[in-house]
Amino acid sequence: MNREDEGRSLNIEQPSSSVLFKQTKVLPVVIVIPAFNEEETIHKTLESLKQQTCLAEEIIVVDDCSSDKTGSVAKSYGSTVIRTPKNTGNKAKAQSFALPFLKSKYVISIDADTILKEDAVEKMFKFMELHPDTSACCNFVLPQKIETIW
């Protein structure tokens, strides 16, 4: 700006590029969600995953022979849905059923009724990248709504 323009300059604040163009990075992470009859809750979980500061390259919902619309709800969010041939009886077996389908560098497993803080995937990824000798990490889960003791 030259001297003649100094007195006439406009004070215009440009929105940051993050406001104009939200560029969300996709990380080499797959999220596995074992689910049995979670039609009423899984949409909140999947919505929280779509709101992450960094996205997972894939979300796999293991529909453990649900009798409700768990699989349909998951598909409507763009998740890969794999259905066990029969109910496995527990979360760990449903998670294990997904193992042959995992092709990512990192795997995050969460429950079908978990809502992640918007930077959870990014933080877990950064930790693992900064600590290559670490084979597992977990976040602390804070219950938001407790309806019963057990």
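Tutor: Let's start with a term: a contact means heavy atoms within 4.5 Å. Keep in mind that the model we are looking at is predicted.

Student: Thanks! What share of the contacts with a separation of 6 or more in the protein chain comes from residues 24 or more positions apart?

Tutor: Here we leave aside contacts with a separation below 6 and look at the rest. Within that set, residues 24 or more positions apart account for 67%.

Student: Which pattern of helices and strands does the protein chain follow along the sequence?

Tutor: The elements to place are 6 helices and 4 strands. Reading along the sequence, we get α-α-β-α-β-α-β-α-β-α.

Student: How many bridges join E1 to E2, and how many join E2 to E3?

Tutor: Happy to take them in turn. E1 and E2 run parallel, and among their pairs Lys25 has Cys54 as its bridge partner. E2 and E3 also run parallel, with Ile60 standing opposite Thr80. The counts are 9 for E1 with E2 and 4 for E2 with E3.

Student: Which hand does the β-α-β unit of E1, H3 and E2 have?

Tutor: To assign the hand, view the strands pointing away from you and follow the path from the first strand over the helix to the second; clockwise means right-handed. The crossover from E2 through H4 to E3 comes out right-handed. The unit of E1, H3 and E2 is likewise right-handed.

Student: Why are the buried residues of H3 on the same side of the helix?

Tutor: The buried residues of H3 are Ile42, Thr45, Leu46, Ser48 and Leu49. They lie on the same side of H3 because the arc they cover around the axis is only 155°. As for what these residues pack against, the partners are strand E1, strand E2 and helix H4. The arc that answers your question is 155°.

Student: How many of the 10 residues of E2 are buried?

Tutor: For the protein chain as a whole, 32% of the 150 residues count as buried. E2 is mostly covered, and its buried count is 7.

Student: Is Thr84 buried or exposed?

Tutor: Thr84 sits in the loop between strand E3 and helix H5. The cut-off for buried is under 20% relative accessible area. Thr84 has 2% relative accessibility, so this residue counts as buried.

Student: Which residue's side chain makes a polar contact with the side chain of Thr84?

Tutor: Thr84 touches several residues, including Val62, Cys65 and Phe97. The Thr84 side chain also reaches the backbone oxygen of Lys86 at 3.0 Å. The side-chain partner, at 2.9 Å, is Asp64.

Conventions. Residues are numbered from 1 along each chain as its sequence is written. This is a predicted model: local features need pLDDT of at least 70, side-chain atom pairs count only at pLDDT 80 or more; totals for chains, interfaces and linings use all residues. Side-chain values use heavy atoms; hydrogens and water are left out. Helices (H or I, at least four residues) and strands (E, at least two) are DSSP runs, numbered from the N terminus. Buried means under 20% relative accessible area, exposed over 50%, partly exposed in between (1.4 Å probe, protein chains only). A polar contact is a pair of N or O atoms within 3.5 Å; within protein, one must be able to donate a hydrogen and the other to accept it, and residues adjacent in sequence count only if both atoms are side-chain atoms. The arc is that of the directions from the helix axis to the C-beta atoms. Two strands pair if DSSP finds at least two bridges between them. Lists of a residue's contacts leave out its neighbours within four places in sequence.
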